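Trainee: I would like a close look at a single part of this chain, one of its open sheets. Please then place that part against the rest of the chain.

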Amino acid sequence: MSLIAGSYEKFIWGFKLKPLKHEPSSQNLTLTPLFSYQSHLAHITAAAASGPAAASGSADDTIHLYDLPSASSLGSLHQHTSSVTAVTFFTPPSLSFPRNLLSASADGSVCIFDTDPFVHLKTVLVHKKAVNDLSVHPSGKLALTVGRDECLAMLNLVRGRRSFYCRLGREASLVKFDLGGERFFMVTEEKVGVHEAEDAKLVTEFECQKRVLSAAPGENGLLFTGGEDRNITAWDVNSGKVAYCIDDAHSARVKGIVVLMRNDNTVDDPYLLASASSDGVIRVWDLRMSMKEKPNPLAEANTKSRLTCLAGSSLNLKRPQMGASCLKEAPDAAEGE
């Protein structure tokens, strides 16, 4: 499993989660550094990872690409003309490599890329102001966005156009589909709304102690949130009640949460969650332990930087590592738009 984190200092950090060398059969893990360097000219705003691929977006208007198996840079994409605010991959269940990369920016647009090779397919103007967050449905046929114009929008990814747009009356900072795509979540300050994906009907709403800065769906109808309260809270989305909570998970604001799925080939793998805070600390937790008592993190790394985002990938190396040639057609594709 691999993690990448972005920071205000323009650095990208890559880690691989491994068992301790002297205890290979134990549940003790370590975050081994893969890379760290200044990949952008301005602070990093968003990160995404899937299989061997990773990406980061920045206030310098660019997206930087990485190959995790070789811990190398693949170059950058320059289709945006304002700050990149969100990046996400779409990976079909049958593949170990993402099919598409989607990115959003402060000018209200969303860019759609093919990932093999990285070619710009289309740019769609979705919001009148900056896009705050972006989430792709597990089917890959549609995506949801929320923006500073206090609106929710739906993108038809088959036709490459906006198909739905409605005013919320308040600005949502995050939007996430659940793992099955049957529901989605919208975060507004301290409140989290659970909606039916089919008609956007509000199912339930719950309120956190302080402003929510990060959220990630989990298995068994759970949603994990973190933010200014410095906790990691697991919510039962059916009842709207707290299932369990890791109190004081960090000593600063929680800026990123990643649920690391179990390996299908190893039933006994722990149900892992990674979190990052604005003081530079990344921690990995076994959520089975948090249901019983306050757990100690299985692994921890201190980047000593102000982290802004976190992404993770359950790395599958059956596919050969990506090469720099993945980008060779991108300039021509951009010129043809």
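Mentor: Strands S16, S17, S18 and S19 make an open sheet of four strands, in the order S16-S17-S18-S19 and with antiparallel pairing. This is a predicted model. At the edges stand strand S16 (174–177) and strand S19 (202–207), each of which pairs on one side only. On average, neighbouring strands of this sheet are turned by 15° against each other, direction ignored. Strand S17 (residues 183–188) and strand S18 (residues 191–196) run antiparallel and are joined by six bridges. Within that pair, Phe185 stands opposite Val194 in S18.

Another open sheet of four strands has the order S20-S21-S22-S23, again with antiparallel pairing. Its edges are strand S20 (212–217) and strand S23 (241–246); each has a single partner strand, so one side of each is left without a neighbour in the sheet. Here the average turn between neighbouring strands is 25°, direction ignored. S20 pairs with strand S21 (residues 222–227) in the antiparallel sense over five bridges. One position to look up is Val212, whose bridge partner in S21 is Gly227.

As for the whole chain, its secondary structure comes to two helices and 28 strands. Of its 337 residues, 54% are buried. Among contacts between residues at least 6 apart in sequence, 44% join residues at least 24 apart. The accessible surface is about 15100 Å², and carbon and sulfur atoms account for 46% of that surface.

Next, the interior. In soluble globular proteins, nonpolar side chains tend to be buried together. The largest nonpolar core in this model has 20 residues, and Leu17, Leu31 and Ile282 have the most contacts inside it. Several elements give two or more residues to this core, among them strand S1 (2–7), strand S2 (11–19) and strand S3 (29–38), as well as strand S26 (281–286) and strand S28 (307–313). Leaving out residues up to four places away in sequence, Ile282 touches residues including Leu3, Ala5, Phe15, Leu31, Ala299 and Leu310. A second, separate core has 16 residues, including Ala53, Ile63, Leu74 and Cys111.

Two residues in strands that contribute to the largest core can be taken in turn. Thr30 has its place in strand S3. With a relative accessible area of 27%, Thr30 is partly exposed, because the range for that class lies between 20% and 50%. Beyond the residues up to four places away in sequence, Thr30 touches Lys16, Leu17, Lys18, Pro19, Leu20 and Ala299. The C-alpha atoms of Thr30 and Arg283 are separated by 9.9 Å, although these residues are 253 apart along the chain.

Ser313 is found in strand S28. Its relative accessible area is 2%, so Ser313 counts as buried. A polar atom of the Ser313 side chain lies 2.6 Å from the backbone oxygen of Gly51. Apart from neighbours within four places in sequence, Ser313 is in contact with Met1, Ser2, Ala49, Ser50, Gly51, Leu68 and Leu260. Gly51 is thus both a contact of Ser313 and the residue whose backbone oxygen lies 2.6 Å from a polar atom of the Ser313 side chain.

Definitions and conventions: Residues are numbered from 1 along each chain as its sequence is written. This is a predicted model: local features need pLDDT of at least 70, side-chain atom pairs count only at pLDDT 80 or more; totals for chains, interfaces and linings use all residues. Side-chain values use heavy atoms; hydrogens and water are left out. A nonpolar core is a set of buried Ala, Val, Leu, Ile, Met, Phe, Trp, Tyr and Cys residues joined through side-chain atoms within 4.5 Å. Buried means under 20% relative accessible area, exposed over 50%, partly exposed in between (1.4 Å probe, protein chains only). Contact means heavy atoms within 4.5 Å. Accessible areas come from the Shrake-Rupley method with a 1.4 Å probe; for residues, only the protein chains shown count as cover. Two strands pair if DSSP finds at least two bridges between them. Axes are lines fitted to C-alpha atoms, for helices over the stretch in contact, and angles run from 0 to 180 degrees between N-to-C directions. A polar contact is a pair of N or O atoms within 3.5 Å; within protein, one must be able to donate a hydrogen and the other to accept it, and residues adjacent in sequence count only if both atoms are side-chain atoms.
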